[in-house]
Protein chains: 2
Amino acid sequence: MGRTSDTKENLINSAIELIGTRSYNAVGVQELCEHAGVKKGSFYHFFPSKRDLTLEALDLIWKKFKEETLDPVFNSDASTLDKFETLLRMSYEHQSSRKDCTGCMTGCGFGNLALELSTQDEGIRKKIEVIFCEWTKYLEMVIIQAVKEGVFPPKTDPAATSLAMVAYIEGMILLGKTFNDPYMLKRLGEGVLQLCISRTDTAEAYSVG
Amino acid sequence: MGRTSDTKENLINSAIELIGTRSYNAVGVQELCEHAGVKKGSFYHFFPSKRDLTLEALDLIWKKFKEETLDPVFNSDASTLDKFETLLRMSYEHQSSRKDCTGCMTGCGFGNLALELSTQDEGIRKKIEVIFCEWTKYLEMVIIQAVKEGVFPPKTDPAATSLAMVAYIEGMILLGKTFNDPYMLKRLGEGVLQLCISRTDTAEAYSVG
DNA sequence: CTTATAGTTGACCAGTTGGTAAAATACTAA
DNA sequence: TTAGTATTTTACCAACTGGTCAACTATAAG
């Protein structure tokens, strides 16, 4: 019943585009509306506030990241190492193309919003926390399997290792954005593999600690 | 000649406090002035813009970070591993106390501003890039020495390793802020050491790659 | 003690912020 | 065809944004 439209989707996509390349507080409702070709009244017909738009935008980029990156990579029949390498290569390519068309390496939409808003908006912080947890689970499952297959040493702690990998990836992207240089991801990418070696093995190998 | 005052210092400290716990765009000139007990006219007597205040605030927190943390830790006669452990412990303690008094883990002032402003303000981005480079140099020197002493394997690449460590530390803090849990730094801290092992050694040890 | 200078004040500005409310319009389903 | 509903539009709001300016005041140095 009643009329239908794609205004809501347009607004969400505009939020992903604009907030993604600048920041939450640097983009106003007005600009969001202009970019989406929509009047402000329509905005508030679909969203109670800019914050709620952002929450839905986070849902969408997480869904897309799963569908376009995590699922294809981790459901493939490639080797464990190839999976990590593919994930890193896709991140590099994504950031590179962002820089080509905006002039800037825009970084990770989750990390960006997390650092900007975690202390100010508990709902957004919590949503990104959950996203990082789910992302970690993808990695954890691969690590568990790699240990079973003997690719990773038996003492590997999959939960700790996967969390460390997400931290390291976010840190890589943070440095890449700071240097405005996607090549930073190439330089740092190999470090991800080092986090796969369990702490105790590291200690034994070189008697550190 | 003329009158003296500590208004400028007060404004810089207010910026560190307010922008540090919220974000650049979430804090206005007015609030900065109120917090510093200063009228807006005085603000613009000392700073051409909020952006310029922020640039000076970055200088100060970097200076303090060096004086209070990097210099004492890395000029001590502790072992290499102890130095890293001390650095991590101090980060944990700092973030913990921030959470105790503000309710939030506020994260790294450099990382926060880098992600919020890198795509929007080239001057601020560049300043943080330089800071990360200098920070990396501190770590690099320690790593070079550790290789000499045989604590780290000879194939270690000090430049690559130190950069990876900064990335990992920033990623740890990012996750900690997202989870609003300083304990994340404890959980992830040990991973820093794994980045000290050179890629090739990792590959040899477990035939990965 | 004077004078030049550094610092302070308050009034002001145009533009923007996020958000509201009601009337007008277009469309869908019965 | 119609009735009801979803969407769109317009006009509006108070509060706040970063920033300006000229007048005023305190003080350090000669």
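Student: How many cavities of 30 Å³ or more does the structure hold, and what makes a space a cavity?
Tutor: The structure holds 2 of them. A cavity is a set of points, on a 1 Å grid over the protein atoms alone, where a 1.4 Å probe fits but cannot get out. This is a predicted model, where local features need pLDDT of at least 70 and side-chain atom pairs count only at pLDDT 80 or more, while totals for chains, interfaces and linings use all residues. Residues are numbered from 1 along each chain as its sequence is written, chains are lettered from A and ligands numbered from 1 in the order in which they are written, and side-chain values use heavy atoms, leaving out hydrogens and water.

Student: What makes up the lining of the second largest cavity?
Tutor: Phe84(B), Leu87(B), Leu88(B), Leu139(B), Met165(B), Ile169(B) and Val192(B) line that cavity; lining residues have an atom within 4 Å of a point. By class, that is 7 nonpolar, no polar and no charged residues. Helix α5(B) gives the largest share, 3 residues.

Student: How do you know which residues surround DNA strand D?
Tutor: A residue is near the strand if one of its heavy atoms lies within 4 Å of it. For DNA strand D, 22 residues surround it, Arg3(A), Thr7(A), Ser42(A), Arg3(B) and Val29(B) being the closest. The largest share of that surface, 4 residues, belongs to α3(A).

Student: What makes the pair of Val29(B) and DNA strand D a polar contact?
Tutor: A polar contact needs a pair of N or O atoms within 3.5 Å. A backbone N or O atom of Val29(B) sits 2.8 Å from a phosphate oxygen of DNA strand D, so the pair passes. Arg3(A) puts a polar backbone atom 2.9 Å from a sugar or linking oxygen of the strand, so that one passes too.

Student: Why are Lys127(A) and Asp59(A) called a salt bridge?
Tutor: The rule wants a side-chain nitrogen of Lys or Arg within 4 Å of a carboxyl oxygen of Asp or Glu. Their side chains meet at 2.9 Å, N to O, so the name fits. Lys127(A) lies in α7 and Asp59(A) in α4 of chain A, so the pair ties together parts that are 68 residues apart in sequence.

Student: Why does Lys127(A) count as partly exposed?
Tutor: Buried means under 20% relative accessible area, exposed over 50%, and partly exposed in between, with a 1.4 Å probe and protein chains only. Lys127(A) has 23%, so it counts as partly exposed. Asp59(A), at 38%, is partly exposed as well.

Definitions and conventions: On a 1 Å grid over the protein atoms alone, a cavity is a set of points where a 1.4 Å probe fits but cannot get out, and a pocket is an open set with protein on both sides within 12 Å along at least five of seven lines; lining residues have an atom within 4 Å of a point. Grid points are joined across faces, edges and corners, and a volume is the space filled by probe spheres set on the points. Helices (H or I, at least four residues) and strands (E, at least two) are DSSP runs, numbered from the N terminus. Ala, Val, Leu, Ile, Met, Phe, Trp, Tyr, Cys and Pro count as nonpolar, Asp, Glu, Lys and Arg as charged, and the others, Gly among them, as polar. A polar contact is a pair of N or O atoms within 3.5 Å; within protein, one must be able to donate a hydrogen and the other to accept it, and residues adjacent in sequence count only if both atoms are side-chain atoms.
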